[in-house]
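Me: I would like a close look at one loop position in this model and at the parts of the chain around that position. Please keep the account plain and put the local details into the context of the whole chain.

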Amino acid sequence: MLEKLTFYVGVYLLLLHSKIKVSVSSTMLLTTEESAALQPYFDFDVQRNLTVTVGQTGFLHCRVERLGDKDVAWIRKRDLHILTTGSSTYTSDQRFQVIRPENSINWTLQIKYPQVRDSGVYECQINTEPKMSLSYELNVIELRARILGPSDIFVKSGSEIIMTCVIQQGPHDLGTVFWYKGNTLIESATQENIIHAVENQRITVETDWADGLTSRLKIRRAVQSDTGNYTCVPTMAKSSSVYAHVISGEHPAAMQHNAATTGRPVLSHASILLFYVTLLVHIVVSKQFKVWHNHDPR
């Protein structure tokens, strides 16, 4: 009888131990699942490869759900420099700032006046254990304007000068273009949308955005006072300059047609050199003739 009692007590204790073990395991599993369910996570439905032009403010958007008591930081990957933590900035470079409206899940890194050197990988991090991070690629490109043709334009007085400034299509709005002669802004009727006055304007500017950005400065009936340095100054790109020379009269051997640059007769560099060499020879011969004439015994 005692043996049977001992047997049943042993079986009961064994079953009780197994039940406790299963209960503890279930509780631990539930706790792990609940912990995972409460962890922060990134919203991957954001742009993570951003291209901007030099000087154009860039925004990297990081969206974190269920952040709880954790913090979000922005890290520059190339030197592991902490740019921001929470709403605070940890860099002396004031171009970097985090933007986060109250109670928002958006932690946006703003980069003002970006330069080519700012290109690279940036990480949005959450201070969990282990850390969670999401990488972003920032590309900063430098657009350059280009005035078609040579850097020096030679035209005869009374001709039309056409200077064409082009900027290839960039990642965003290309802005507009301003033309300067020296340090003076060239104002045109077309820039002010005074269409009816175009025919009476000797100097006009035409700008279009059909394929990139193209701006044409036209000077009709060029006079010598039009000689000078002309600069195409875009709002979103590096400027470009040419020098226009308006020449009175015409040297038959030096004038040639060049429609690709101005659409009017121009002087080539070789022809200009020939012209000045001929002029120099003429001056030397004239001086020599005077010397001979002064020494003539007659």
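Reply: Contact here means heavy atoms within 4.5 Å. The model is predicted, and every value below is computed from it.

The position is Lys-70, in the loop between β3 (58-65) and β4. Leaving aside residues up to four places away in sequence, Lys-70 touches Pro-40, Ile-126, Asn-127 and Thr-128. Is Lys-70 buried, exposed or partly exposed? Its relative accessibility is 28%. The limits are under 20% for buried and over 50% for exposed, so Lys-70 counts as partly exposed. A C-alpha distance links Lys-70 to another part of the chain: Gln-39 is 31 residues away in sequence and 9.6 Å away in space.

The loop of Lys-70 leads to β4, and β4 belongs to an open sheet of six strands. Their order is β2-β10-β9-β4-β5-β6, and the pairing is mixed. β2 (49-53) and β6 (88-89) are the edge strands, each paired on one side only. Within this sheet, β4 (residues 72-76) runs antiparallel to β5 (residues 81-85), with four bridges between them. One of the residue pairs is Ala-73 with Thr-85, its bridge partner in β5. On the other side of β4, the order of the sheet places β9. Ile-126, one of the residues that Lys-70 touches, falls within the range of β9 (120-126).

The loop between β9 (120-126) and β10 (132-141) holds Pro-130. The peptide bond from Glu-129 to Pro-130 is cis, with omega near 0 degrees. Most peptide bonds are trans, and most residues other than glycine have a negative phi. The phi part of that statement has two exceptions to report here. Asn-103, which is not a glycine, has a positive phi of about 65 degrees. Asn-103 sits in the loop between β7 (96-99) and β8 (106-111). Its relative accessible area is 68%, so Asn-103 is exposed. For Tyr-113, phi is near 45 degrees, again positive in a residue other than glycine. Tyr-113 is in the loop between β8 and β9, and a relative accessible area of 54% makes Tyr-113 exposed as well.

Another open sheet has four strands, in the order β11-β13-β17-β16, with antiparallel pairing. At its edges are β11 (146-147) and β16 (203-208); each has a single partner strand, so one side of each has no neighbour in the sheet. Between the edges, β13 (residues 161-167) and β17 (residues 213-219) pair in the antiparallel sense over seven bridges. Val-166 has Thr-214 in β17 as its bridge partner.

For the chain as a whole, the secondary structure comes to two helices and 21 strands. The chain has 298 residues, and 34% of them count as buried. Among contacts with a separation of 6 or more, 58% join residues 24 or more positions apart. The accessible surface is about 19,000 Å², with 56% of that area belonging to carbon and sulfur atoms.

To return to the position asked about: Lys-70 is a partly exposed loop residue, and its contacts beyond the sequence neighbours include Pro-40 and Thr-128.

Terms used. Residues numbered from 1 in each chain as written. Predicted model: local features only at pLDDT ≥ 70, side-chain atom pairs only at ≥ 80, totals over all residues. Heavy atoms only, no water. Buried < 20%, exposed > 50% of the residue type's maximum accessible area, 1.4 Å probe, protein only. Areas by Shrake-Rupley, 256 points an atom, 1.4 Å probe, with all protein chains shown as cover. Pairing = 2+ DSSP bridges.
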